[in-house]
Amino acid sequence: MKQLASLDAYLPVTLDGEQGLCLALGLDGLLVDSQAPLAPGQELGLRLFLKPGSRAVGRVLVREEIPTAQAPLRRWNLEVVSWEGDSEKTLQGHMSGSRKDSHLSIVAEEDVESGLEQRAWERWDLPHLALPEGRPEDMDLSCSLLGRELSAPVMIAGMTGGSSRAGAINRVLAVTAQELGLAMGLGSQRVLLEQDGLLPTFRVRDLAPDILLLANVGAIQLNLGVDIDDCRRLVDSVEADALALHLNPIQEMVQPEGDRDWRDLRTKIAKLIEALEVPVVIKEVGSGISAELAVICRDMGAAAIDVGGSGGTSWAKIEGLRSQDSERQAMGESFRRWGISTGDAVRECRAVLGAEFPLIATGGVRNGVDVARAVALGADVAGMALPFFRAADQGQDPALARGRRILEELRIAMLCSGARTVADLPRLKLRESR
Ligand SMILES: Cc1cc2nc3c(=O)[nH]c(=O)nc-3n(C[C@H](O)[C@H](O)[C@H](O)COP(=O)(O)O)c2cc1C
């Protein structure tokens, strides 16, 4: 049985008609406070009230009583015997949506970074040109990725969708990307396979008709019943130009209800890439892709790789914070800095992939100077998640202001290091200070 996910807002339940509150939830178990006279081994009918008009109905077995100081309430560990009708699907959708919202609250409010970002990027110094020739506005930031023109080598990395807060953020990000000519990724769309009513929280094409837009799903889903047609539907439903397939093993392992079975995925990924009509970008989410794996990804048919290195948002840290279990929190801390830093990953991957293979550098990129560093190290485009999320959470103007500042910093960094075009950046001689 997987670990149960603690709920931020407890859910009302009835057990053979007796009321209770569900504190933690999984597809195969629940933790419930109730005054009902339960006993281990007893089987009961369960109704779980998710939100108005949405409930899951099934049968559960009482496994054990959990000691609590909340008398007269008693706490029970229940095992799910069966779900009725669509209950399992409904519950899965509910869990994905509430997980997304709790991720957003944590990312908005807590320190979720690996703590490496300063060291990781400031190690690489662009050469300083004390007598630059030109003005920042003369710099040519234009570039291309996956056959699409971008106004600057910047991507708003895939983050969200699946709840009303997430939908509002996606719309702000889309307007920002359209206005500034940036690429944009959507967050994991797995939830759409369970609840297609959430599609409007992902659809942004009306606001951003011209951008390079990436759909998103976790590669691990291919081990959990998601097939090629599902992926095709996810891409089509948002009119995306490409699919980002994310690799997030550390997050899944630290997440209490995470997926642990990563066997045989490579063949499935290669088959998916071969069958899909759009290019597939393989991306990590903050632990990096090594040179060896980059070659494997290229050979599986990936059209681009986003190294998603360490140094920025740490999903181990986020999952630790989300868990209310002190052992999980400690585990999150243990893996907080795990991985290959973005700068190292870009350099190593570029060295083995050759000059032409499209490479994206996400993970700890925080400003336009970092974008210049990332491109100078070998990336075609730099991706940013956390900085755009936090700005977009404040509204449209802050998001646009953040994007404009990043581009202005990039122009200044280019002018004052002697790179007039984006293609000049990788020719600069970086100094590495350790
Ligand atoms: C709020 C938030 C949600 C995210 N959700 C997803 C996701 O659904 N799919 C995905 O591939 N990456 C997701 N990521 C990971 C980012 O795309 C990125 O790889 C990672 O955050 C590192 O970049 P950063 O340091 O700029 O935040 C998310 C990041 C944030 C901050």
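Of the 24 residues around the ligand, which come nearest? They are Gly158, Ser188, Lys283, Thr313 and Arg366. Keep in mind while browsing these views that this is a predicted model.

**View 1. Polar contacts around the ligand.**
Let's start with the ligand's own N and O atoms. One of its nitrogen atoms sits 2.8 Å from a polar backbone atom of Met159. An oxygen atom of the ligand has a polar side-chain atom of Lys283 at 2.7 Å. Leu386 joins in through its backbone, with an N or O atom 3.0 Å from an oxygen atom of the ligand. As for cover, the protein hides 97% of the 610 Å² of accessible area that the ligand has on its own.

**View 2. The shell around the ligand, element by element.**
Zoom out a little and look at what the shell is built from. Helix H1 (87-109), strand S14 (280-284) and helix H13 (386-394) are the elements that each give two or more residues to it. H1 gives the most, with 3 residues. Sorted by class, the shell has 10 nonpolar, 10 polar and 4 charged residues.

**View 3. Helix H11 and its buried face.**
Here's a helix to check with a ruler. H11 covers residues 342-353, and at 1.5 Å a residue its 12 residues should span 16 Å; the C-alpha atoms at its ends are 16 Å apart, so the two agree. Which residues of H11 are buried? They are Thr342, Gly343, Ala345, Val346, Cys349, Arg350 and Leu353. Look down the axis of H11 and these buried residues fall within an arc of 160 degrees, so they line one face of the helix. A bit of background helps here: an α-helix has 3.6 residues a turn, so residues three or four places apart point the same way. Just after H11 comes Gly354, with a positive phi near 85 degrees.

**View 4. Asn170 in helix H3.**
Is Asn170 buried or exposed? At 0% relative accessibility, Asn170 counts as buried, because the cut-off for buried is under 20%. Asn170 belongs to helix H3 (residues 164-180). Its side chain reaches the backbone oxygen of Thr201, at 3.0 Å.

**View 5. Gly383 and Ile220, two buried spots.**
Gly383 is part of strand S17 (residues 381-384), and its 1% relative accessibility makes it buried. Pick out Pro256 as a partner: it is 127 residues from Gly383 in sequence, and the two C-alpha atoms are 28 Å apart in space. Now for Ile220, which sits in the loop between strand S12 (213-218) and helix H5 (228-237). Ile220 is buried too, with a relative accessible area of 1%. Its C-alpha atom is 44 Å from that of Glu137, which lies 83 residues away along the chain.

**View 6. Glu239 and Asp264, with positive phi.**
Which loop holds Glu239? Glu239 is in the loop between H5 and strand S13 (242-247). Although Glu239 is not a glycine, it has a positive phi of about 55 degrees. Glu239 has 41% relative accessibility, so it counts as partly exposed. Asp264 is not a glycine either, and its phi is positive at about 60 degrees. You'll find Asp264 in the loop between helix H6 (249-254) and helix H7 (265-275). With 61% relative accessibility, Asp264 counts as exposed.

Note on methods. Residues numbered from 1 in each chain as written. Predicted model: local features only at pLDDT ≥ 70, side-chain atom pairs only at ≥ 80, totals over all residues. Heavy atoms only, no water. Near = heavy atom within 4 Å. Polar contact = N/O pair within 3.5 Å; in protein donor to acceptor, adjacent residues only side chain to side chain. Areas by Shrake-Rupley, 256 points an atom, 1.4 Å probe, with all protein chains shown as cover. Helix = DSSP H or I, 4+ residues; strand = E, 2+ residues; numbered from the N terminus. Nonpolar A, V, L, I, M, F, W, Y, C, P; charged D, E, K, R; others polar. Expected span 1.5 Å × (residues − 1). Buried < 20%, exposed > 50% of the residue type's maximum accessible area, 1.4 Å probe, protein only. Arc of directions from axis to C-beta.
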